[in-house]
Amino acid sequence: MIALWLASSARAACTFITGATVHLDAGPTATSVVVVDDRIAAVGATAAPPRGQTCAAVDGTGKVLTAGFVAVPTQMGLVEVSLEPSSRGDDPRTEQDPVRGALYAAEGYNPLSTLVRVTRLDGITTALTVPGGGFVSGHAALVALDGVTQADAVVDRSVAVVLHVPTASFAEGLHQIRELAADVRTYAARPASYDAGRPFVAGASRLDLEALRPAFEGKRPILVAANRAAEIEALVRLQSELRVRFVILGGAEAWLVADALAAAQIPVVVDPLVFGPHGFDSVRARSDNAARLHRAGVRVILAPPERTHNVRSLREAAGNAVREGLDHKAALEAITRNPASVFGQTDRGHIAVGAVADLVLWTGDPLELSSAAERVWIEGNAVELRSRQTELFEKYRNLPGTPAPALPLPTP
Amino acid sequence: MVWVWLSAAWAADPLAEREQRGRVAVEPPAAVEHPTFVLANGTVWTAAGQRYAKGYVVVKDGAISGVGEGDAPAIAGATVLDVTGKFVTPGLIDTHSHLGVYPMPGANAHGDGNEATAPTTPGVWAEHSTFPQDPGFELAIAGGVTAMQILPGSANLIGGQGFVVQNVPARGSRGMAFPGAPQTVKMACGENPKRVYGERGGAPSTRMGNLRGQREAFLEAQSYGRTWSDYAASVPPEGEPSKRKKKSAAENTPKPPERDLDKETLLGILNGTVLPQVHCYRADDMLAMLQVAEEFGFQVRSFHHATEAYKIRDVLAAKGVAASVWSDWWGFKLEAYDAIPEGAALLAEAGARAIIHSDSSIGIQRLNQEAAKAYYDGVRAGVQVSEEDALRWITLNPAWALGIDKVTGSIELGKRGDIVVWDGNPFSVYSSAELVFVEGVLRYDRTRPVVWSDFNVGQQLGVTR
């Protein structure tokens, strides 16, 4: 077990990457990067290992180094097989207790889920894992895609609160948010009022109201899904009324209210592969939504095409956003720096001295289908790039065969 | 050619002749001009073995009349389109779509894909659910898709006939029918049928129940087939007098059997005129289905989804069964847990017919990228696979699975002018279809978007940003 662990995440105290095209905040630059423990220690043409320290040398000539990708939103570690409730840490059928203010997705996170290793093969080093269901689904966690325990993997167990507003009655949903905000604040100011039987939002316990305080005091973002331009516009107004910080998920028609979103500094998580009138709330969806939002000054996060098994296709989604007009640098930032900073992790998602060493060395343009992640470091660890799928491939590399070989007789 | 062959078959088969009466178009064919044009100076990938770094394609009267390397020949009256720096490929073909049967926008009124009222409903036709006004068709043409098979869903063991269409605007579904395409049928194994009916307390509720349902259906079809062959044998050939001269003419004319829409589709499978398209994920489920096929003497044309096809690729290659797979979908259900991204490449390497299908109104817009991912995943893992193979996964191989490979799926003389001009290498994430021709008619031009769907009409009024 210990040997296995060592093999999967050999910790190099120091890594020295030279010769690569490095995507810095300012743009792609030919330079060197030194990693000491879990941080980036030096960046620059003359960067060198600390005196007296031996570093693992990595020749990046002809290759591209980026910050590890941050996938938002996902259900990483919560779902092993989507249609099998027994394999899920977030039973989606439970609709009792609609206000789950004290629910933390981090506590359901399984760092040994086979999806974790599949996902990081495509350069994703951290993920926002979100709970589902209810009206208040609970707290989303930021997890690193490495480690064998929750203690290893969970970077922050509460980076956002997830609200689920039914699209069938968006106004009713906003009314509920308003009531909940009032209750959280009333409770914070006068806890005794709860016991006095004040009619709080159905199902909101004292624990819920307490755990939701940071979100309703504007200290944590509130994730809420909305696609129709009018609904997004209503959320912009509600944000200023409640003095909270929304992050819009979906935002299919967000380009129509891009200026208001930019002015309110509301980030939008866009799925660049979904456009066309998939629903009545997205009839005006456009393929260049992300590009238009970015040009208007909205902080854009690009979402993977789904939330579990194919989170790995995040870079393909970003590539398509570029195809539809988003600037390449902006697309990279929309899957690295933007999601990291929106969820409070300003020391992740970019390559700079002092930042967490979540790094990926690519064979070429990371958004291009022909490229692949050659090396992945998570918090400075060079992680093993093998998954259950790799082993299935190897097992069935040669045919015809049986699922298991016949054994030779034991030595007498 | 397929058309001619089928016509001959119907003439000899009184049941097939009756069945075809249900496929007569009411909508008059749209009058379209077939311009003569030349695509000159492009990189031409034919999917028929040739790749010209600089080549040309000539299309006349809807068909390919010239293709080759170097400078295009001068063709009198032809419009010459200089496609320097661009890539020319056959039109893409998707073997697995639900466009039209689950149209956009997603709505209660639009759930026309699963006749989940009985586990075997071979008599329903996807054609009768296909809504030609689905906005998905115009999104698909923008992705270079010129033909597709529209299938019923997989709730049922035998879900009904598929519908092979060319991607053209029409008022009724028959107006989209791919000319001469043979009939197909959707079948399903594994989790879906047993879940849908098992949850209702009915049958099937297990995999063994699935298999019983399939086999019983074919047993009934065999006996139905006998009533029709007995009838056909009893009808005197035209011009020959009846041998039983003593009775009146009316008494001498044998009565045809009662028709049964479900059984006649199944009979088509047994006769080889209806191509089975079988939704099946696990290797053991596919092998069990092939056992049924052997028992009843029919040929599975293509497995669909087939996430474990790579485990039995030797068997699929030997039996000539195609596998329509995704590049990388997995794990959404337990029977999809073992999919690997090298699956398509392994199938190709083993000589099996691999196909990348979409099963998605979103995926169908980027079939080229799906093929590219599966190709590069194979190459990285050391699988012997070529770009030509990967192009065939979305062109010639799906054409074969649908029985239309003699007329489309590659750029070859005499084939339909189903062609895409890409603004770059189609295996790059940054490339888009620029021009898409269906039977030599320009149906998509990236710089001149045209609204097909009536749903989209008027929706952008007042939207001026």
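This passage describes a predicted model of chains A and B, moving from confidence to the interface, and then to selected helices, salt bridges and one strand residue.

The predicted model scores ipTM 0.94 and pTM 0.95. For chain B the mean pLDDT is 94, with 94% of its residues reaching 70 or more. A stretch to read with care is residues 1–11 of chain B, where the pLDDT is below 50. Beyond near neighbours in sequence, this stretch has 10 contacts in the model.

We can turn next to the interface. Here, 53 residues of chain B are in contact with 50 residues of chain A. The size of an interface is often given as the accessible area lost when the parts come together. For chain B and chain A the buried area is about 4,400 Å², and carbon and sulfur atoms give 56% of it. Between chain B and chain A there are also 25 residue pairs in polar contact, both residues being at pLDDT 80 or more. On the side of chain B that touches chain A, α9 (313–319), α10 and α11 (367–380) each supply at least two residues. Of the elements of chain B, α11(B) gives the most to this side, with six residues.

The salt bridges add detail to this picture. The structure holds 53 salt bridges over all chains, and the count between chain B and chain A is five. One salt bridge joins A:Arg397 to B:Glu349, with the closest N and O atoms 2.9 Å apart. Another is formed by the side chains of A:Glu316 and B:Lys373, at 2.7 Å from N to O. This pair crosses between chains, running from helix α11 (residues 314–323) of chain A, which holds A:Glu316, to helix α11 of chain B, which holds B:Lys373. Both ends of the bridge lie below the 20% cut-off for burial: A:Glu316 is buried at a relative accessible area of 4%, and B:Lys373 is buried at 10%. The two residues also belong to a wider network of salt bridges, in which A:Glu316, B:Asp328, B:Arg366, B:Glu370 and B:Lys373 are linked.

Helix α14 of chain A (residues 388–395) offers a view of packing that involves both chains. Its buried residues are A:Gln389, A:Thr390, A:Leu392 and A:Phe393. Seen down the axis of α14(A), these buried residues fall within an arc of 165°, so they line one face of the helix. An α-helix has 3.6 residues a turn, so residues three or four places apart point the same way. The buried residues of α14(A) pack against α2 (114–120) of chain A together with α10 (343–349) of chain B. At the start of α14(A), a side-chain oxygen of A:Ser387 comes to within 3.0 Å of the backbone nitrogen of A:Gln389.

Helix α7 of chain B (residues 261–271) makes a useful companion case. Its buried residues are B:Glu264, B:Thr265, B:Leu266, B:Leu267, B:Gly268, B:Ile269 and B:Leu270. Their cover includes the helices α2 (14–20), α5 (207–234) and α8 (283–296) of chain B, along with the strands β8 (158–161), β10 (183–188) and β11 (274–280) of chain B. At the start of α7(B), a side-chain oxygen of B:Asp260 reaches to within 3.0 Å of the backbone nitrogen of B:Asp262. Just after the helix, B:Gly272 takes a positive phi of about 85°. B:Glu264 of this helix also forms a salt bridge with B:Arg259, the closest N and O atoms being 2.6 Å apart. The partners sit in unlike surroundings: B:Glu264 is buried at 3% relative accessibility, whereas B:Arg259 is partly exposed at 37%.

A further salt bridge in chain B links B:Asp405 and B:Lys406, whose closest N and O atoms are 3.7 Å apart. Here B:Asp405 is buried, with a relative accessible area of 16%, while B:Lys406 is exposed, with a relative accessible area of 51%.

Finally, B:Ser324 lies in strand β13 (residues 322–325) of chain B. B:Ser324 is buried, with a relative accessible area of 0%. Leaving aside neighbours within four places in sequence, B:Ser324 is in contact with B:Thr95, with B:Ser302, B:Phe303, B:His304, B:His305 and B:Ala306, and with B:Ile355 and B:His357.

Definitions and conventions: Residues are numbered from 1 along each chain as its sequence is written. Chains are lettered from A and ligands numbered from 1 in the order in which they are written. Side-chain values use heavy atoms; hydrogens and water are left out. Buried means under 20% relative accessible area, exposed over 50%, partly exposed in between (1.4 Å probe, protein chains only). Helices (H or I, at least four residues) and strands (E, at least two) are DSSP runs, numbered from the N terminus. The arc is that of the directions from the helix axis to the C-beta atoms. Contact means heavy atoms within 4.5 Å. A polar contact is a pair of N or O atoms within 3.5 Å; within protein, one must be able to donate a hydrogen and the other to accept it, and residues adjacent in sequence count only if both atoms are side-chain atoms. pLDDT is the predictor's confidence in each residue, from 0 to 100. Buried area is the accessible area (1.4 Å probe) that two parts lose on being put together, summed over both. A salt bridge is a side-chain nitrogen of Lys or Arg within 4 Å of a carboxyl oxygen of Asp or Glu.
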